[in-house]
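Colleague: I should be grateful for a close look at the metal site of this model and its surroundings. Please set out the local backbone as well as the coordination, in one connected account.

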Amino acid sequence: MAFFCNFTLTQTTSNSMINQYIHDNKDRFINELLDMLRIPSVSADKKFKADVLRTAEFVQARLAEAGADKVELVETAGNPVVYGEKIIDPSLPTVLVYGHYDVQPADPYELWNSPPFEPVIKDGNIYARGACDDKGQMYMHVKAFETMVKTNTLACNVKFMIEGEEEIGSVNLATFVRENKNRLQGDVILISDTGMLGNDTPSITTGLRGMSYVEVEVTGPNRDLHSGLYGGAVANPINILCQMIASMHDENNHITIPGFYDNVQELTQEERAEMARAPFNLEKYKKAIGLSDVHGEEGYVTMERNSIRPTLDVNGIWGGYTGEGAKTVIASKAYAKISMRLVPNQSSEEITEKFKKHFESIAPKSVTVEVKPHHGGEPVVTPTDSAAYQAASKAYEETFGVKPVPVRSGGSIPIVAMFKSELGLDSVLMGFGLDTDAIHSPNEHFGVFNYMKGIETIPLFYKHFADMK
Ligand code: BES
Ligand code: MN
Ligand code: MN
């Protein structure tokens, strides 16, 4: 009994020390994030290469200041990986923190209410490209780590790997992981690069969809033609492309590529009933994105359509004349970028192959087509009965006052499946973003509340994980 009281007292003291430290340093924690958000680390566009590098150096410097050892920029064939670690006792569990310092392009700039790389705080939200995805969420880990180091409460060994190519498919991180298996040994991967249902309904992401991404090119005549002289007599590649794309969904919104659903893991009625218990309001959902109705695969509800079911979506389509006024032309070429979100047990390579074969087979003789595969990634489902999940669940429960619900997300973080296959490690996806944060969109933002909640919740994860291991 005496031991028990003592134990409780120690825990309470360390919790309040942590909270005090976070409280005292709140402004600095926010200002440092704003500084990082000012650097436009867009990985998709070569013209930002120097800024991408500067961001890596920024993260490196902050990690070292926070108390990490062996902090270095590990060169890859692309953008460097920021690595750092703190091994306090080899007999303690080791947490590998993953995040990304690169961001999506900010286009279209004119739709932003304030410039994307000049962060502002408005109504409790930090507005900037990367505020939520993933600079804000990644930096919570650096600040939570600093807090644990400075208050002497770090209960696990920590290894950080912060990459700069997540938004372009993590191709070189895959090589880094394969070549650094020893250095990356640990017990769990900890990631904040997802969201939760709401600020009063915390959730933990337990699944991510995979991805096959392709670009298609349809070629008709060998030059752009006068649409009066030739119109009606030759195939218009844009018309044909639209028909081909439209034919890839049937009247029930099933995807028509032969074999597309072959390996799709169907959920049991029990699992679907369990999913349906997560709070969701269709009216609010529609209102938030300005829709009068939703759309999707027959036989599935919205929450299933965007998580446990695969999709095929055009991300961009172009060709012909798109300038001011009218130009009468039949273009020589039409293009589209198409993504397919995959679910367990679909394979990205296999689906890309099936797409290519199908797309070529439905092309009329009047055009030629080419399919260029881009990046891919495998789907993943993470366990809810692991020590890491339980530790995360307890941590959220303490900071939010309610137990978080497990939710499978529709988004993709391709490297998570690789962590499992190459390192044998499960990930725990402790996201603090909201769907309304507009990631990848104009006016991306992240709540100051969410940022600070993340910094408070993460140290509790370490504590519980160490206790349970
Ligand atoms: N952080 C997102 C993924 C995400 C967001 C998952 C919210 C779950 C909830 C990540 O940065 C991302 O955007 N991933 C890309 C995939 C990548 C290969 C470009 C995606 O999902 O489109
Ligand atoms: Mn992300
Ligand atoms: Mn993203």
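Modeller: Asp134 sits in the loop between strand 5 and helix 3, in what is a predicted model. The peptide bond that leads into Asp134 from Asp133 is cis, with omega near -5 degrees. Asp133, on the other side of that bond, is a ligand of two metals: Asp133 bridges the manganese ion (ligand 3) and the manganese ion (ligand 2), which lie 3.6 Å apart.

Consider the manganese ion (ligand 3) to begin with. Its coordination comes from Asp133 (OD), from Glu167 through two entries marked OE, and from His440 (NE2), at 2.1 to 2.5 Å. In sequence these donor residues follow the spacing D-x33-E-x272-H. Asp133 is placed in the loop between strand 5 (125-127) and helix 3 (135-150), while Glu167 is in the loop between strand 6 (157-163) and helix 4 (171-179), so this pair ties together parts that are 34 residues apart in sequence. The site of the manganese ion (ligand 3) has six donor atoms, and the angles among them run from 56 to 154 degrees, an irregular arrangement. For comparison, ideal angles for six octahedral donors are 90 or 180 degrees.

The manganese ion (ligand 2) has as its protein donors His100 (NE2), Asp133 (OD) and Asp193, the last through two entries marked OD, lying 2.0 to 2.5 Å from the ion. The spacing of these donor residues in sequence is H-x32-D-x59-D. His100 belongs to strand 3 (residues 94-100) and Asp133 to the loop between strand 5 and helix 3, so the two tie together parts that are 33 residues apart in sequence. Around the manganese ion (ligand 2), six donor atoms subtend angles of 55 to 165 degrees, and the arrangement is therefore irregular.

Further backbone features concern the loops on either side of strand 4. Pro108 is in the loop between strand 3 and strand 4 (120-122), and a cis peptide bond with omega of about -10 degrees joins Asp107 to Pro108. Asp123 occupies the loop between strand 4 and strand 5. Although Asp123 is not a glycine, its phi is positive, at about 50 degrees.

Another loop, between helix 9 (348-362) and strand 14 (368-377), holds Ala363. Beyond its neighbours within four places in sequence, Ala363 is in contact with Met244 and Val369. The C-alpha atoms of Ala363 and Ile240 are 8.0 Å apart in space, although 123 residues separate the two in sequence.

There remains a helix pair. Two packed helices are described by the angle between their axes and the distance between the axes. The axes of helix 10 (residues 387-400) and helix 12 (residues 448-468) come within 8 Å and cross at roughly 135 degrees. Helix 10 and helix 12 are therefore oblique to each other, and their crossing is right-handed. The residues of this contact comprise twelve nonpolar, four polar and four charged. On the side of helix 10 they include Ala391, Lys394, Ala395, Tyr396 and Phe400, and on the side of helix 12 they include Phe449, Glu456, Leu460, Phe461 and Met468.

How values were computed. Residues are numbered from 1 along each chain as its sequence is written. Chains are lettered from A and ligands numbered from 1 in the order in which they are written. This is a predicted model: local features need pLDDT of at least 70, side-chain atom pairs count only at pLDDT 80 or more; totals for chains, interfaces and linings use all residues. Side-chain values use heavy atoms; hydrogens and water are left out. Axes are lines fitted to C-alpha atoms, for helices over the stretch in contact, and angles run from 0 to 180 degrees between N-to-C directions. Helices (H or I, at least four residues) and strands (E, at least two) are DSSP runs, numbered from the N terminus. Angles under 35 degrees count as roughly parallel, over 145 as roughly antiparallel, 65 to 115 as roughly perpendicular and the rest as oblique. A crossing is left-handed if the near helix is turned anticlockwise from the far one by less than a right angle, and right-handed if clockwise. Contact means heavy atoms within 4.5 Å. Ala, Val, Leu, Ile, Met, Phe, Trp, Tyr, Cys and Pro count as nonpolar, Asp, Glu, Lys and Arg as charged, and the others, Gly among them, as polar. Donors are N, O and S atoms within 2.8 Å of the metal (3.2 Å for Na, K and Ca); water is not among the atoms, so sites may look incomplete. Four donors count as tetrahedral if all angles lie between 85 and 135 degrees; four count as square planar and six as octahedral if opposite donors are over 155 degrees apart and all others between 65 and 115; anything else is irregular.
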